[in-house]
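Subject: Structure for your review

Dear colleague,

Please find below the sequence and structure that I am handing over to you. My account of what was found follows directly after them.

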Amino acid sequence: MLAGYETLITTIALGAILAYSFHVVLMAGQLSLGQAGFASLAAYTSTLVVPTEPIAGSISPVIVGLPVGALVGAAAAFVVGLPVLRLRGVFLAIATIAFGEMVRVLINNAEWTNGAIGVRVEKWVTFDFAWIIVAVLAYLFWRLGPSRSGRAFAAVREDELAAGSMGVDVVRTRMASFIASGAIAGVYGVLFAYFFGRITPATFDFSLTVNGLVTAVLGGYLVFFGPVLGAGFLTAVPEIQKALGLEAGWIHPLITGVLLLAVILFLPGGLSTLFSRLRRAPARPGPDYAPLDALDPLPDPGTRIAAVTGLAKSYGAVDAVRGVDLEIRSGEVLGIIGPNGAGKTTLVNMISGLEPPTAGEGEILGVPLGARPHRFAQAGVSRTFQHSKLFERLTVLDNVLVGTHVVSRSTYLRRLAWLPSARRDERRALALAWAQLERVGLADRAGLRPGALSYGDRRRLEIARALAAHPTLLILDEPAAGMNHVEAAELASLIRGLADDGVTVLFIEHNVKMVLEACTRLVVLDFGEVIAQGEPREVASDPRVIEAYLGTEAEAHEESEHV
Ligand SMILES: Nc1ncnc2c1ncn2[C@@H]1O[C@H](COP(=O)(O)OP(=O)(O)OP(=O)(O)O)[C@@H](O)[C@H]1O
């Protein structure tokens, strides 16, 4: 039945495999375009080192060639990734294209590759073999999506800073996606060689990169079979046109171009958008599950959890924070106030790893100042941001699930083998996430995207995400900004409730009433220095504080009452 279409059907499979090597980097938000180079190195190496005849009499050379290709691709990606993964966006794209071109020129001029003439090999790949590889890749991506690692990929794609603050090791995640991309590109290179029977440097030129990228973007990365959709679409459209007799020179590219434009304009997540909407939100775990019991206990009240001295940060000539000494003890609710530009955000950024200090010493939960954000998160520091940093393309529930990263175990490999323990761990993460959504009153909006939430609800979602990490120290940067009085009062009672549960809270706030209600201690910053600290009401009546901060608030309040 398939006679005559075998090449076409295999071309779709090969296109999908190439697109998977782009899919995996796009999933983690990386625009990496070195796949032609990885494919080329893998294809040439395997044709060189793998025997041409069946091994041990019956094993096809391609069975040995595939792991060789995957290894060569992965190793090349690792070596290239070390220097280039410091780059982002278009700079990463340019550096990786340069790598691909370098490989092409090298192979074109090398003797062992037979130069521009290329290498001939036996055609060992049949169309069903190519589709088995597609099925294996689709399986790997299907199991990756809802796993802890899959969520880490998505979090890095959406917002690297927020992902790091939730305990995701951003550098490792980016490298993992890059290495996986190299391995898949290597597999593609080997399959291509053993299917078409010949490779030349021109086989792996820049147009291959463009094709792979277009296929991956067209298919989309929202569902695991996006690359198959993209490859099927791009291969089927010309065939359908041929069948309809629309083959005249200009019609073919015109129709293909218009269809491509239509998908990109109306389905920004690619063809996979059509299918991702069909996915149901995971069900709430039953009441028999008590995940909070399984979490580590918080430190005893009064234990010193952070101590920093001489903390300073300068941006050029601006001294944002100057010589701050700060100690935080378990169970306290510490408010940090001060006028605009006093250095409050800079201070909390330093104690959560977002900014390295210019000077100062100390540790937060055993992590030295200057470490990367995920290390603070792993030690028990969790935070929200002044300008909310939600993962906009993930659902409300998935946002909070990312928050469970530091209190859950990696599940991907166990999910591949369908081990019950992986399911148990995922259920536990889900139960934790639901518990936090209920705590902040967002359980009924779990399936929405953050963009559909009100400003106050977005702030609550960020708090739920931070709480899902079961933090020892919760840092909230202006959590009540944009909230009305009722919402702010609810938030103050939530914060007090957290303190009763043993969570240490540090929060920056301009809402003085809320600060006085919720805090057990207050630190006042002005021009980057601590000008007062202690019991909130005492500090609030300190003349220096009134002059620096509260005075202007009171005046503003008076003015507003007079209006
Ligand atoms: N990335 C940066 N580059 C240059 N200057 C910065 C940077 N971040 C902060 N600053 C400066 O450092 C000072 C302290 O800023 P910071 O945001 O920490 O203050 P803040 O007390 O949190 O203010 P606000 O209440 O307005 O948020 C300000 O003068 C600010 O302009």
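I begin with one pair of residues in a sheet: Leu 311 stands opposite Val 324, a residue of β4. Please note that the model is a predicted one.

The strands around this pair

Leu 311 lies in strand β3, which covers residues 304-315 and pairs with β4 in the antiparallel sense over 8 bridges. The two strands form a hairpin with 2 residues between them. In that turn, Gly 316 has a positive phi of about 60 degrees. Beside the turn, Tyr 315 has Val 318 of β4 as its bridge partner.

β3 also pairs with β6, again in the antiparallel sense, here over 5 bridges. One of the pairs on this side is formed by Thr 309 and its bridge partner in β6, Glu 361.

Taken together, these strands belong to an open sheet of 4 strands, ordered β4-β3-β6-β7, with antiparallel pairing. At its edges are β4 (318-329) and β7 (367-368), each of which pairs on one side only. Helix α13, residues 344-351, packs on this sheet and touches β3, β4 and β6 (359-364). The direction of α13 makes about 125 degrees with that of β3.

The surroundings of the ligand

Which residues are found around the ligand? Tyr 315, Val 318 and Ala 320 are among them, and Tyr 315 and Val 318 are the bridge partners mentioned above. The list continues with Gly 338, Asn 340, Gly 341, Ala 342 and Gly 343, followed by Lys 344, Thr 345 and Thr 346, and it is completed by Gln 386. The elements that give two or more residues to this shell are β4 and α13. Of the elements, α13 gives the most, with 3 residues. By class, the shell has 4 nonpolar residues, 7 polar residues and 1 charged residue.

The protein as a whole

The protein contains 22 helices and 12 strands. Its C-alpha trace spans about 85 × 50 × 45 Å along the principal axes. Of its 563 residues, 49% are buried. Among the contacts with a separation of 6 or more, 74% are between residues 24 or more positions apart.

The protein is divided into two parts, domain 1 (6-276) and domain 2 (293-562). The centres of the two domains, taken over C-alpha atoms, are 41 Å apart.

Where the domains meet

How many residues of each domain are in contact with the other? There are 20 in domain 1 and 27 in domain 2. On the side of domain 1 that touches domain 2, the elements that give two or more residues are α5 (127-144), α6 (148-158) and α7 (160-165). The greatest share comes from α6, with 7 residues. This side of domain 1 divides into 9 nonpolar, 5 polar and 6 charged residues.

Helix α6 deserves a separate paragraph. It is mostly covered, as 10 of its 11 residues are buried. The buried residues include three arginines, Arg 148, Arg 151 and Arg 157. Phe 153 and Val 156 of α6 are buried too. The buried residues of α6 pack against α1 (6-27), α5, α7 and α8 (170-196), and also against α15 (396-403) and α16.

Two residues with a positive phi

Two residues other than glycine should be brought to your attention. Trp 418 has a phi near 55 degrees, a positive value in a residue that is not a glycine. Trp 418 is placed in the loop between α16 (412-416) and α17 (420-439). Is this residue buried or exposed? Trp 418 is exposed, because only 9 other C-beta atoms lie within 10 Å, and a residue counts as exposed at 12 or fewer.

Glu 478 is not a glycine either, and its phi is positive at about 50 degrees. Glu 478 is found in the loop between β9 (473-477) and α19 (485-500). With 19 other C-beta atoms within 10 Å, Glu 478 is partly exposed, since a residue needs 20 or more to count as buried.

Yours sincerely

Technical notes:
Residues are numbered from 1 along each chain as its sequence is written. This is a predicted model: local features need pLDDT of at least 70, side-chain atom pairs count only at pLDDT 80 or more; totals for chains, interfaces and linings use all residues. Domain bounds come from an automatic or database domain assignment. Two residues are in contact if their C-beta atoms, placed from the backbone, lie within 7 Å. Ala, Val, Leu, Ile, Met, Phe, Trp, Tyr, Cys and Pro count as nonpolar, Asp, Glu, Lys and Arg as charged, and the others, Gly among them, as polar. Two strands pair if DSSP finds at least two bridges between them. Axes are lines fitted to C-alpha atoms, for helices over the stretch in contact, and angles run from 0 to 180 degrees between N-to-C directions. A residue is near a molecule or strand if its C-beta atom, placed from the backbone, lies within 6 Å of it.
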